[in-house]
Amino acid sequence: MPTPGRPTRFRVAFDAALLAEDANHSTPKARTTLNQAVRDLSRHGITTSRLKACQDHGQDGTRLPGCAKTYLPAPDGPWGMVFQLRIDPDNTPFLACLAFGARHPSRPWQPSVYQTAHQRLHT
């Protein structure tokens, strides 16, 4: 049941340069998933039921306090997006996409979506 005064759906904003960087580091299948997710989220936003809280302090050293994530494709796909809650000039909350990528990459040199989001948030 929705909580009064709290949104059940958030608008999602994307930074084109960050999306391009994430797409360049992705497989063709991941890029297809990314493009579909961006289309859907840009049009319809994201419901709170699809969001999960990120760990404030991850085991891998990431710090993503107050951030949320979603898995792609839903409900538990291998890729994810990390979002930060922001407020627009009209005082309306929205989610800014910080990163897209593999949740748990198989290659040790490949950063996870959480590591990419951490780097972007803290640099």
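A residue is called buried when its relative accessible area is under 20%. Cys54 has a relative accessible area of 8%, so Cys54 is buried. That makes a handy starting point for a walk through this structure, which is a predicted model.

Let's stay with Cys54 for a moment. The residue sits in the loop between strand 3 (52-53) and strand 4. Setting aside neighbours within four places in sequence, its contacts are Leu64, Cys67, Ala68, Lys69 and Val82. The chain also brings Pro65 back towards this spot: Cys54 and Pro65 are 11 residues apart in sequence, and their C-alpha atoms are 7.1 Å apart in space.

From here we can turn to the nonpolar interior. In soluble globular proteins, nonpolar side chains tend to be buried together. The largest nonpolar core in this model has 20 residues, and those with the most contacts inside it are Leu34, Ile46, Leu51, Met81, Phe83 and Phe100. Two or more residues come from each of strand 1 (9-13), helix 1, helix 2 (28-44), strand 4, strand 5 and strand 6. Helix 2 gives the most to this core, with 5 residues. Leu51 is a good residue to click on here: beyond its neighbours within four places in sequence, Leu51 is in contact with Phe10, Ile46, Ala68, Lys69, Phe83 and Leu95. There is also a second, separate core of 10 residues, and Leu64, Cys67, Leu98 and Tyr114 are included in it.

Tyr114 leads us on to helix 3. The buried residues of this helix are Val113, Tyr114, Thr116, Ala117, His118 and Arg120. As a group, they pack against helix 1, strand 4, strand 5 and strand 6. His118, in helix 3, counts as buried because its relative accessibility is 18%, and the cut-off is under 20%. Its side chain reaches the backbone nitrogen of Arg63 at 2.9 Å. Leaving out residues up to four places away in sequence, His118 touches Gly61, Thr62, Arg63 and Leu64.

To see helix 3 from the other side of the packing, look at Ala99 in strand 6. With a relative accessibility of 0%, Ala99 counts as buried. Its contacts beyond four places in sequence include Val113, Thr116, Ala117 and Arg120, together with Asp22, Gly80, Met81 and Val82. Arg86 makes a useful reference point along the chain: Ala99 and Arg86 are 13 residues apart, and their C-alpha atoms are separated by 15 Å.

Now for the spaces left open. Rolling a probe the size of a water molecule over the atoms shows where empty space is left. The largest pocket has a volume of about 520 Å³. Its lining is made up of 25 residues, with His25, Gly101, Ala102, Gln110 and Pro111 nearest the centre. Helix 1 (16-24), strand 6 (93-102) and helix 3 (113-122) are the elements that give two or more residues to this lining. Helix 3 gives the most, with 5 residues. Sorted by class, the lining has 9 nonpolar, 12 polar and 4 charged residues.

The second largest pocket has a volume of about 280 Å³. Of the 18 residues that line this pocket, Gln55, Asp60, Thr62, His104 and Tyr114 lie nearest its centre. Strand 4 (67-72) and helix 3 each supply at least two residues of the lining. By class, this lining has 6 nonpolar, 8 polar and 4 charged residues. Two names should be familiar by now: Tyr114 belongs to the second core, and Thr62 is touched by His118.

We finish with the backbone. Most residues other than glycine have a negative phi, and most peptide bonds are trans. Against that background, the loop between strand 4 and strand 5 (79-87) deserves a look, with Pro73 and Pro75 both found there. A cis peptide bond joins Leu72 and Pro73, with omega about -15°. The peptide bond from Ala74 to Pro75 is cis too, and its omega is near 10°. Further along, Asn91 lies in the loop between strand 5 and strand 6. Asn91 has a positive phi, near 70°, although this residue is not a glycine. Is Asn91 buried or exposed? At 63% relative accessibility, Asn91 counts as exposed, because the cut-off for that class is over 50%.

Key
Residues are numbered from 1 along each chain as its sequence is written. This is a predicted model: local features need pLDDT of at least 70, side-chain atom pairs count only at pLDDT 80 or more; totals for chains, interfaces and linings use all residues. Side-chain values use heavy atoms; hydrogens and water are left out. On a 1 Å grid over the protein atoms alone, a cavity is a set of points where a 1.4 Å probe fits but cannot get out, and a pocket is an open set with protein on both sides within 12 Å along at least five of seven lines; lining residues have an atom within 4 Å of a point. Grid points are joined across faces, edges and corners, and a volume is the space filled by probe spheres set on the points. Helices (H or I, at least four residues) and strands (E, at least two) are DSSP runs, numbered from the N terminus. Ala, Val, Leu, Ile, Met, Phe, Trp, Tyr, Cys and Pro count as nonpolar, Asp, Glu, Lys and Arg as charged, and the others, Gly among them, as polar. Buried means under 20% relative accessible area, exposed over 50%, partly exposed in between (1.4 Å probe, protein chains only). Contact means heavy atoms within 4.5 Å. A nonpolar core is a set of buried Ala, Val, Leu, Ile, Met, Phe, Trp, Tyr and Cys residues joined through side-chain atoms within 4.5 Å. A polar contact is a pair of N or O atoms within 3.5 Å; within protein, one must be able to donate a hydrogen and the other to accept it, and residues adjacent in sequence count only if both atoms are side-chain atoms.
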